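Me: I would like to learn how to read cysteines in a structure that is new to me. Could you go through it with me step by step?

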Amino acid sequence: MLSVLALTSVVLLGIASQITAIVVYTSWERHALVGSDVRLSCSFFSWQWTSPDVTFSWHYRPDGAKEGIAIFHYVGGAAYVDNKGPFRDRLEFVGNPSRRDGSILIKNLDFSDNGTFTCDAKNPPDIAGRPSSVRLLVFEKVPVQAGVITGAIIGVVLGLLILIVAIYYLMRFLVARRVFSLSMSKHGKKGKGKEGSQQKQAGPLK
Amino acid sequence: MFKALAGICLLHLTTIFFLFWAIIDDAWWFTENLYTDLWGRWVMENNDNVWVYMDIPTSYRKDYLQAVQAFAVLSCLFAVFSLCVFIFQLFTLGKEKRFTISGVVQLISCFCIMVALSVYTDHFHRDEKNGWYGWSYIMAWFGWLLTLFTGIMYIILRKRAD
């Protein structure tokens, strides 16, 4: 029974590695400041072991253009960067192909670098896959980072709550102190009042 | 008495579970080949059953999305906090007293998830006709209902003299 289970799992794994394609991951969008450097990451998932013939290629299509150009290619253990196009002397390979990382670094960004960068990775024999794209947006001023508004709202609400609870207990403490001193003087008045009423009540009973 | 207590705790835990699942799972809005929202987006390009996880596109109004995220997280926090307060009050409350504070905290949680859901419904996916709301969105509404119910229940409930 166990051997049948092991056999079926091996067969299924074998089939699975044939029908699932290579999956390439990049970010959806990257934001960067003019003049800064940006690292475009690219990785892939594949059922096969990382082959020594793994290839990474990056392709750039400017915003509004119909076609793009190839700007980077890694094959056979060597990285070939663009030395004629808009990224000459600005592109650097910072990935680690044996760890399935095909990231590139673009230095000294300009507004003309806005566009779509497509990464295509192939891991022979697993080559059937779809490239993944990341949009680069170059800003003069960095927009509000993700999570700042979220964190601010959470912090303000929790802070307000703690403040309200603290004020409540403070008020109770203060009023307790004042009530204590109030009851000292009230006790005198009340005592006289009670005695007076008791005498009045005792009167009709008699 | 034990049965009632176990029932109440179970109801509260179910509420917390609904809220957490609704907020963590990215399934507020569906179309045929994507499901998305609050934190990320799962996209199936080319109909080949390969799902890719992507960031939420910047066409979303960032401040509204982060407000929804913030109030959803706050509602989870307050729901858990009200459970702790309830257990604390179980041991420290005097006889025949009401669990007011637990009820109030639970109602704050209800308010927070209501704000999150209202902002989300009003500001996202309004003009998209070929999509529908997913299970996370519906579970968040159930979470709202349950927090409202348990909050009012805590305010009305009295500690029995056992």
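**Reading the cysteines**

Reply: B:Cys112 counts as buried at 2% relative accessibility, where buried means under 20% relative accessible area, exposed over 50% and partly exposed in between, with a 1.4 Å probe and protein chains only. This is a predicted model, in which local features need pLDDT of at least 70 and side-chain atom pairs count only at pLDDT 80 or more, while totals for chains, interfaces and linings use all residues. Residues are numbered from 1 along each chain as its sequence is written, chains are lettered from A and ligands numbered from 1 in the order in which they are written, and side-chain values use heavy atoms, with hydrogens and water left out.

Me: Why does B:Cys112 have no bond to the closest cysteine sulfur?

Reply: A disulfide is a covalent bond between the sulfur atoms of two cysteines. Here the rule asks for a pair of cysteine sulfur atoms within 2.5 Å, and the closest cysteine sulfur to that of B:Cys112, in B:Cys110, is 9.3 Å away, too far for a bond.

Me: How many disulfides are there over all chains, and which cysteines form a disulfide?

Reply: The count over all chains is one disulfide; A:Cys42 and A:Cys119 form it, with their sulfur atoms 1.9 Å apart. A:Cys42 lies in strand S4 (residues 42–45) of chain A and A:Cys119 in strand S10 (residues 115–122) of chain A, so the pair ties together parts that are 77 residues apart in sequence; strands are DSSP runs (E, at least two residues), numbered from the N terminus.

Me: Are these two cysteines buried or exposed?

Reply: A:Cys42 is buried, at 1% relative accessible area, and A:Cys119 is buried too, at 0%.

Technical notes
Helix = DSSP H or I, 4+ residues; strand = E, 2+ residues; numbered from the N terminus.
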